[in-house]
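Subject: A structure to look at

Hello,

I am passing on a structure that you have not worked with before. Please open it alongside this message, and then read on for what turned up in it.

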Amino acid sequence: MTELLTGAQILRRTLVDAGVSVMFGYPGGAIMPFYDALHGGDGLRHILVRHEQAAAHAADGYARAGNRVGVCVATSGPGATNLVTGLATAHMGASPVLAITGQVARPMLGKDAFQETDVVGVTMPVTKHNVLVRDVEDLADEVRDAMAIAMEGRPGPVLVDVPKDVQNQKAEYKEPGAGSREQGKTSDRRYDDAAIQQAARLIAEAKRPLLMIGRGVIVSGAYAELRALAERTGMPVITTLLGISAFPQSHELHLGMPGMHGEVHINKAIQAADLLVGIGMRFDDRVTGNTATFAPRAKIVHVDIDGAAIGRTVRCDVALVGDARGIVQQLLAHVAPRDCVPWRQEIAALMHQREESFAGGLSPEVILSALADVTGGRCTVVSDVGQHQMWVAQRYPFQRPNTHITSGGLGAMGFAVPAAMGVRLARPDEPVWAISGDGGFQMNMAEIATMVQEGVEVKLAIFNNGYLGMVRQWQQFFHGGRYSNTPIWSPDYVKLAGAYGIPGWRVKKATEVTDALREANERPGPTLVELVIEQEANVFPMIVPGGSLSEPLEAAPAQT
Ligand SMILES: Cc1ncc(C[n+]2csc(CCOP(=O)(O)OP(=O)(O)O)c2C)c(N)n1
């Protein structure tokens, strides 16, 4: 006789059979049958976070670091709505997250029942797919389909909403059938040959070509292919914020980050280029500045798995829709060896030393080079949102693939601390550093308790400038220096660490940085380092929002 399981037990079995071993969540009334099914079992570890937003960010970090589905769980109503920022972050960051939410029982649906929120409605614009499961017979296949959708094409978040009575209904558990969607990439596919040849011709003819690569290269694992393409053609490589660590930073062809906080010679190169080959990136406004003046001399070849991204913000001369790895492989067969030495020399001549605004104090440069030294580059850096995020992107010498993780698309403050927990669980063998500002850190610092309770070893660094720094910088530059609600008080972070029972250090001088970071890196368990930096330091260079890449600011503009 086949054994009948409850919906909750089926949900658990489905996840385990799909290879899920860790998930992040928070219980509540409408999801209690599922939590009951988790009790005492093994093979599926549940990390109890302190806020559902953290569960979604942690699942996102896990997904990005592990290139697989990250799972988060919440109850109905407030539990589910607390996931929204995390889902939106995963949506913009192309990260495969599965959210499972409890829902009120079917007879209560639509009756404004206690903790009833139409979460399918609320999350529709921030998920790739979402579904309310009304019949336990469909539950396992809905979860499997959702997981496959999360991974296929441009990855993204999905949500499965399960009414409480469906969790209690009984049904037979059906093993994954032949009918369910296939997971996996399609790198043996053939792409549009004519477009590939046209792209190869443009690459051969261009005098000033540039490769611009984004997170799509990381998602498709196209590191070797990209490197081969760059080395065969001599094209300099620009990595977008989300493309950082898709190409070794120290490689002679690597230039750095473009756009709003890109180095001047990089943006000037874009403006002088006669060909841009964009791969796995979406030409967003932080990259292009004013699109009317962006790369005025360049033909654009755009490779992306998301057809909707092509032609959306900038013109496109050759469109290639598909997996970056497969397309670059195919392109390599048509690209003849060349070098771009005169062009590279031209770019090198545009480089100049920038005056730093750090008058002997603790500079991000000193901090980030010390971190690279003490970790020997063997770590993943998860950054939050703000000035510190830009300093990390500009200065940390990322060498290994997918070792830089940040909320680049949504720009959600509070991301780094919980996301780093997910990264660490996906990468238990290497240090994971969460770098936050004093503002973003205070958004999700409650997760230190999760780290302690669950033994998740995250290293926490706080760049404390006493301000919501990036907003203060904009107020200084564009709002007459009126610092409206950007000074921000912090608790004593060393005492805070003590309250959670973890070691903490406060660093004020450049000479103390290396020792503190080394100790924090080497001590087992979570550790915290507060770095007291100059309060009004600014991120340079800067393109004024909506301005042209040709007009960088390298010092604060005159007050308006
Ligand atoms: C959730 C959220 N709220 C508001 C913002 C707007 N914002 C962008 S950067 C920033 C300041 C960040 O301050 P802090 O965390 O101290 O980092 P810093 O810029 O000083 O390095 C703010 C408020 C945001 N990105 N995310």
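**What was found**

In strand 5, Val97 is the bridge partner of Gly70. Please keep in mind that this is a predicted model. The bridge belongs to the pairing of strand 4 (residues 70-74) with strand 5 (residues 97-103), which run parallel and are joined by five bridges.

Stepping back, here is the sheet around that pair. Six strands make up an open sheet with parallel pairing, in the order 3-2-4-5-7-6. At its edges are strand 3 (45-48) and strand 6 (129-132), each of which pairs on one side only. From one strand to the next, the twist averages 20°. Helix 3 packs on this sheet and touches strand 2 (22-25), strand 4 and strand 5. The direction of helix 3 makes about 170° with that of strand 4.

Helix 3 is also a good place to look at side chains. Within helix 3 (residues 52-66), Arg64 and Asp60 sit four residues apart, about one turn of the helix. Their side chains meet in a salt bridge, at 2.6 Å from N to O. Side chains of opposite charge can pair when their charged atoms come close. Over the whole structure, a search finds 22 salt bridges.

Now for another sheet. Here an open sheet of six strands follows the order 11-10-9-12-13-14, and the pairing is parallel. Strand 11 (254-256) and strand 14 (318-321) are at the edges with a single partner strand each, so one side of each has no neighbour in the sheet. Neighbouring strands are turned by 20° against each other on average, direction ignored. Inside this sheet, strand 9 (residues 209-213) pairs with strand 12 (residues 275-279) in the parallel sense over five bridges, and Leu210 has Leu276 in strand 12 as its bridge partner. Helix 12 (residues 264-272) lies across strand 9, strand 10 (237-239), strand 11 and strand 12, and runs at about 120° to strand 9.

Strand 11 and helix 12 come up again in the second largest pocket, as both give two or more residues to its lining, along with helix 15 (341-350) and helix 17 (387-395). This pocket has a volume of about 730 Å³. Which residues lie nearest its centre? They are Leu255, Glu263, His265, Met351 and Gln394, out of 32 lining residues. Helix 15 provides the largest share of the lining, four residues. By type, the lining divides into 14 nonpolar, 10 polar and eight charged residues.

Enjoy exploring, and best wishes!

How values were computed: Residues are numbered from 1 along each chain as its sequence is written. This is a predicted model: local features need pLDDT of at least 70, side-chain atom pairs count only at pLDDT 80 or more; totals for chains, interfaces and linings use all residues. Side-chain values use heavy atoms; hydrogens and water are left out. Two strands pair if DSSP finds at least two bridges between them. Axes are lines fitted to C-alpha atoms, for helices over the stretch in contact, and angles run from 0 to 180 degrees between N-to-C directions. Contact means heavy atoms within 4.5 Å. On a 1 Å grid over the protein atoms alone, a cavity is a set of points where a 1.4 Å probe fits but cannot get out, and a pocket is an open set with protein on both sides within 12 Å along at least five of seven lines; lining residues have an atom within 4 Å of a point. Grid points are joined across faces, edges and corners, and a volume is the space filled by probe spheres set on the points. Ala, Val, Leu, Ile, Met, Phe, Trp, Tyr, Cys and Pro count as nonpolar, Asp, Glu, Lys and Arg as charged, and the others, Gly among them, as polar. A salt bridge is a side-chain nitrogen of Lys or Arg within 4 Å of a carboxyl oxygen of Asp or Glu.
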